[in-house]
Amino acid sequence: METNPIICYCLKVDLQTIKAAIAEGVSSIEGISDKTGAGSGCGRCQNRIADILFTSGATKN
Ligand code: FES
């Protein structure tokens, strides 16, 4: 079972990298893009990033 999947294929950003950014206080897709590059290519991973933000408790809605 894959435990650290690639979330953003364009920038090759994995789940742990995104979680680390959230742990450092990033709470928006834009913030994740600024910090990791994820979501700044085709944009198709942005829903996955939003899900990770939500399930990590970084966003409230
Ligand atoms: S897969 Fe993340 S920007 Fe394309």
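**Figure 1. Overall fold of the predicted model.** Read from the N terminus onward, the elements of the chain follow the pattern β-β-α-α-α. The radius of gyration is 10 Å, close to the 10 Å that the globule rule gives for 61 residues, so the chain is as compact as a globular protein of that length. The model shown in this and the following views is predicted. In total, the chain has three helices and two strands. Along the principal axes, its C-alpha atoms fill a box of roughly 25 × 25 × 20 Å. Of the 61 residues, 28% count as buried. Among the contacts with a separation of 6 or more, 44% are accounted for by residues 24 or more positions apart.

**Figure 2. The largest nonpolar core.** This core has 14 residues, and those with the most contacts inside it are Ile7, Ile18, Ile32, Ala38 and Ile49. Strand 1, helix 1, helix 2 and helix 3 are the elements that give two or more residues to the core. In soluble globular proteins, nonpolar side chains tend to be buried together. With neighbours within four places in sequence left aside, the contacts of Ile7 include Ile18, Ala38 and Ile49. Further contacts of Ile7 under that restriction are Val13, Asp14, Leu15, Cys45, Arg48 and Ile52.

**Figure 3. Cys8 and its surroundings.** Cys8 belongs to strand 1. Cys8 counts as buried because 26 C-beta neighbours lie inside 10 Å, where the cut-off for a buried residue is 20 or more. Apart from neighbours within four places in sequence, Cys8 is in contact with Val13, Ala38, Gly39, Gly41 and Cys45. Val13, Ala38 and Cys45 are also among the contact partners of Ile7. The C-alpha atoms of Cys8 and Ile29 are 12 Å apart in space, the two residues being 21 residues apart in sequence.

**Figure 4. The loop between strand 1 and strand 2.** Lys12 lies in this loop, which leads to strand 2 (13-14). Phi of Lys12 is near 55°, a positive value in a residue other than glycine. Lys12 is exposed, because 12 other C-beta atoms lie within 10 Å and a residue with 12 or fewer counts as exposed.

**Figure 5. The buried and exposed sides of helix 1.** The buried residues of helix 1 are Ile18, Ala21 and Ile22. Around the helix axis these residues cover an arc of only 100°, which puts them on the same side of helix 1. They pack against strand 1, strand 2, helix 2 and helix 3. Gln16 and Ala23 are exposed on the face of helix 1 turned away from the buried side. Gly25, which follows helix 1, has a positive phi near 110°.

**Figure 6. The buried face of helix 2.** In helix 2, Ile29, Ile32, Ser33 and Thr36 are buried. Seen down the helix axis, these residues fall within an arc of 100°, so they line one face of helix 2. Strand 2, helix 1 and helix 3 are included in what covers them. Just after helix 2, Gly37 takes a positive phi of about 90°.

**Figure 7. Helix 3 and its packing partners.** Helix 3 spans residues 46-55, with Ile49, Ile52 and Leu53 buried. These residues cover an arc of only 100° around the axis, which puts them on the same side of helix 3. The partners against which they pack are strand 1 (6-8), helix 1 (15-23) and helix 2 (29-36). On the other side of helix 3, the exposed residues are Asn47, Asp51, Phe54 and Thr55. Gly57 follows helix 3 and has a positive phi, near 80°.

**Figure 8. Leu53 in helix 3.** Leu53 lies in helix 3 and counts as buried because it has 21 C-beta neighbours inside 10 Å. When residues up to four places away in sequence are not counted, Leu53 touches Ile22, Ser27, Ala58 and Thr59. Of these partners, Ile22 is one of the buried residues of helix 1. Leu53 and Gly37 are 16 residues apart along the chain, and their C-alpha atoms are separated by 15 Å.

How values were computed: Residues are numbered from 1 along each chain as its sequence is written. This is a predicted model: local features need pLDDT of at least 70, side-chain atom pairs count only at pLDDT 80 or more; totals for chains, interfaces and linings use all residues. Helices (H or I, at least four residues) and strands (E, at least two) are DSSP runs, numbered from the N terminus. The radius of gyration is taken over C-alpha atoms; the globule rule is 2.2 Å times the number of residues to the power 0.38. Two residues are in contact if their C-beta atoms, placed from the backbone, lie within 7 Å. The arc is that of the directions from the helix axis to the C-beta atoms. A nonpolar core is a set of buried Ala, Val, Leu, Ile, Met, Phe, Trp, Tyr and Cys residues joined through C-beta atoms within 7 Å.
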